[in-house]
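Trainee: I have a structure open and some questions about it. Can we go through them one by one?

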Amino acid sequence: MTPKEVIAFAKTNGAAVVDLKFVDLLGTWQHFTIPVCELDEALFTDGSGFDGSSIRGWQPINASDMLAVPDPVTAAMDPFAEKPTLTLICNVVDPITRESYGRDPRNIARKAEAYVRSSGVGDVAFFGPEPEFFVFDGIRFETNMHESYYHVESGEGSWATGRAESPQNLGYKPRTKEGYFPVPPTDSMQDLRTEMILTMEKVGIHVEKHHHEVATAGQAEIDMRFQPLTKMADWLMWYKYIVKNVARRHGKTATFMPKPLFGDNGTGMHTHQSIWKHEKPLFAGNAYAGVSDTCLHYIGGVLKHGPALAALVCPTTNSYRRIVPGYEAPVNLAYSSRNRSACIRIPMYSPSPKAKRIEVRFPDPTCNPYLAFSAMLLAGLDGIEKKLDPGKPLDKDIYSLSPEELSDVPSLPGSLDDSLRALERDHDFLLKGGVFSRDLIETWVEWKREKELAPVKLRPHPYEFALYFDA
């Protein structure tokens, strides 16, 4: 829509207010709301001012004035607001220079798309993430000087077969690692997920399917049809917003934590990606698994920069409870067709060249999608530019390989600390085209170390009491 069409859209839908949304450095939507009388065409060029000093990872208080400039193509009616509310996703602009703010993740994504075009490699980069999540009945957690705990409540949890329920416990709890995917009543989330996808469709998201995931206790997945990078990142922000609010509407809570449960599958976000030029897919060809040399070089770039990418696509300490050798998430930097134990898979569902793509399997949905998608794209483009060889595919079950066979296969870092070090060593590929800046990368590393790594390191872990209290 054009600005004029957005104004007409607001009138047609009886909008009373306009919600302006933007994303902070870590990937959480922020917002403020203006009355609909403030919605005019000038808003789309002049923006609306706000104080950015309290936004995570943004400017200090002495340089905090910012402008939120709405992108008219993002207009949609909020499906949860009591009063009719028009939502617009914004880019953040410096009010003095009128330049795109360098720490605004959406601006990073837009620059990444521009870099694809300016590089001459392609016209558009498509992304199709598969975000997983859990829906729990409740959650309690606390940490302070003398105690630390969490407690997950789930009537669908495999541990709840002996729980007293009203009027009575009827069983039908998915066993550990057996949630993929029995019908109701074992799958108790069918109607809830359907409500989620119907709500997504109201804001323009094209949903392909939904289903229960492998884990017990309400693990789920909803798949969206692939879109250009920035649009898909916008969709993923809507996706998380809708999942959480539909769950809350039903007295439940949704989480995208990578590993909220011990002993069952964690939550990942396999991310399909491809590049097209002149409406033709560049990843289809006559090489291994029906891909092109361009695709193999792209894979080579992602594999080479995988350790650094992990700091952006697996960005939490909890991410590395999921990425553990021998468990459900791939840790070995290898590629294969069909083999889901490799970090990169080439899906073989369709022989159509238009369906040819790669699937990067180690990201998780705690990432900031604007940064994560952009970083993976830049890694792949670096591989194409340098014609990086990804090596031979690894078509064996990697989890069954001997230590000797695995010795030549590089792996992802085992902790967020190691990933941040890898990013410090290897980030020049992110600076190409001015997409990322050193300032943003340094700010990211500093925030993660000071606000997440250090607090986790300083606290005793509850399991340490079981291990060491009687030492």
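Trainee: Start with helix H3. Which residues in H3 are buried?

Mentor: This is a predicted model, so every value here is computed from it. Buried means under 20% relative accessible area. In H3 the residues that qualify are Pro105, Arg106, Asn107, Ile108, Ala109, Ala112, Glu113, Tyr115 and Val116.

Trainee: How far does H3 reach from its first C-alpha to its last?

Mentor: H3 covers residues 105–119, which is 15 residues. At 1.5 Å a residue, 21 Å is expected. The helix comes close to that, with a reach of 21 Å.

Trainee: Which residue follows H3, and what is its phi?

Mentor: Most residues other than glycine have a negative phi. The residue after H3 is a glycine, and its phi is positive. It is Gly120, with phi near 85°.

Trainee: Now helix H5. How many of its residues are buried?

Mentor: H5 runs over residues 229–249. It reaches 30 Å from its first C-alpha to its last, close to the 30 Å expected. The helix is mostly covered, and the buried count is 15 of its 21 residues.

Trainee: What phi does Gly251 take?

Mentor: Gly251 sits just after H5. Its phi is positive, at about 75°.

Trainee: Which residues other than glycine have a positive phi near 65°?

Mentor: Most residues other than glycine have a negative phi. One residue with a positive value lies in the loop between strand S10 (207–212) and strand S11 (219–224). Another lies in the loop between strand S14 (269–277) and strand S15 (280–281). They are Ala217 and Glu279.

Trainee: Is Ala217 buried or exposed?

Mentor: The cut-off for buried is under 20% relative accessible area. Ala217 has 0%, so it is buried.

Trainee: And Glu279, buried or exposed?

Mentor: Exposed means over 50% relative accessible area. Glu279 has 72%, so it counts as exposed.

Trainee: Which residues does a cis peptide bond join, with omega about 5°?

Mentor: Most peptide bonds are trans. This one is cis, and its proline lies in the loop between S9 and helix H4 (190–202). The bond joins Ser166 and Pro167.

Trainee: What is omega for the cis peptide bond between Pro184 and Pro185?

Mentor: Pro185 lies in the loop between S9 and H4. The bond that joins Pro184 to Pro185 is cis, and omega is about 10°.

Trainee: Where is His211, and which residues does it touch?

Mentor: His211 is in strand S10. At 10% relative accessibility, it counts as buried. Leaving out residues up to four places away in sequence, it touches Tyr180, Phe181, Arg193, Ala220 and Glu221.

Trainee: Which residues does Pro390 touch?

Mentor: Pro390 is in the loop between helix H9 (369–386) and helix H10 (403–406). Its relative accessible area is 16%, so it is buried. Not counting residues up to four places away in sequence, it touches Leu296, Ile299, Gly300, Leu303 and Tyr335.

Trainee: What separates the C-alpha atoms of Pro390 and Arg357?

Mentor: The two residues are 33 apart along the chain. Their C-alpha atoms are separated by 15 Å.

Trainee: To the surface. Which residues form the nonpolar patch that includes Tyr150?

Mentor: Tyr150 is in strand S9 (residues 148–153). At 53% relative accessibility, it counts as exposed. The patch has about 560 Å² of accessible area in all. Its members are Ile139, Phe141, Tyr150 and Phe262.

Trainee: Now the whole chain. What is its radius of gyration?

Mentor: The chain has 14 helices and 18 strands. Its C-alpha trace spans about 65 × 60 × 50 Å along the principal axes. For 471 residues, a compact globule would be near 23 Å. The chain agrees with that, at 23 Å.

Trainee: What share of the residues in the chain is buried?

Mentor: The chain exposes about 21,700 Å², and carbon and sulfur atoms supply 53% of that area. Of the 471 residues, the buried share is 54%.

Trainee: Last one. Among contacts between residues at least 6 apart in sequence, what share joins residues at least 24 apart?

Mentor: The count takes in contacts in the chain between residues at least 6 apart in sequence. Those joining residues at least 24 apart make up 68%.

Methods: Residues numbered from 1 in each chain as written. Predicted model: local features only at pLDDT ≥ 70, side-chain atom pairs only at ≥ 80, totals over all residues. Heavy atoms only, no water. Patch = residues over 30% accessible without salt bridge, like charges linked within 9 Å, V, L, I, M, F, W, Y side chains within 5 Å. Areas by Shrake-Rupley, 256 points an atom, 1.4 Å probe, with all protein chains shown as cover. Salt bridge = Lys/Arg side-chain N within 4 Å of Asp/Glu carboxyl O. Helix = DSSP H or I, 4+ residues; strand = E, 2+ residues; numbered from the N terminus. Buried < 20%, exposed > 50% of the residue type's maximum accessible area, 1.4 Å probe, protein only. Rg over C-alpha atoms; globule rule 2.2 N^0.38 Å. Contact = heavy atoms within 4.5 Å. Expected span 1.5 Å × (residues − 1).
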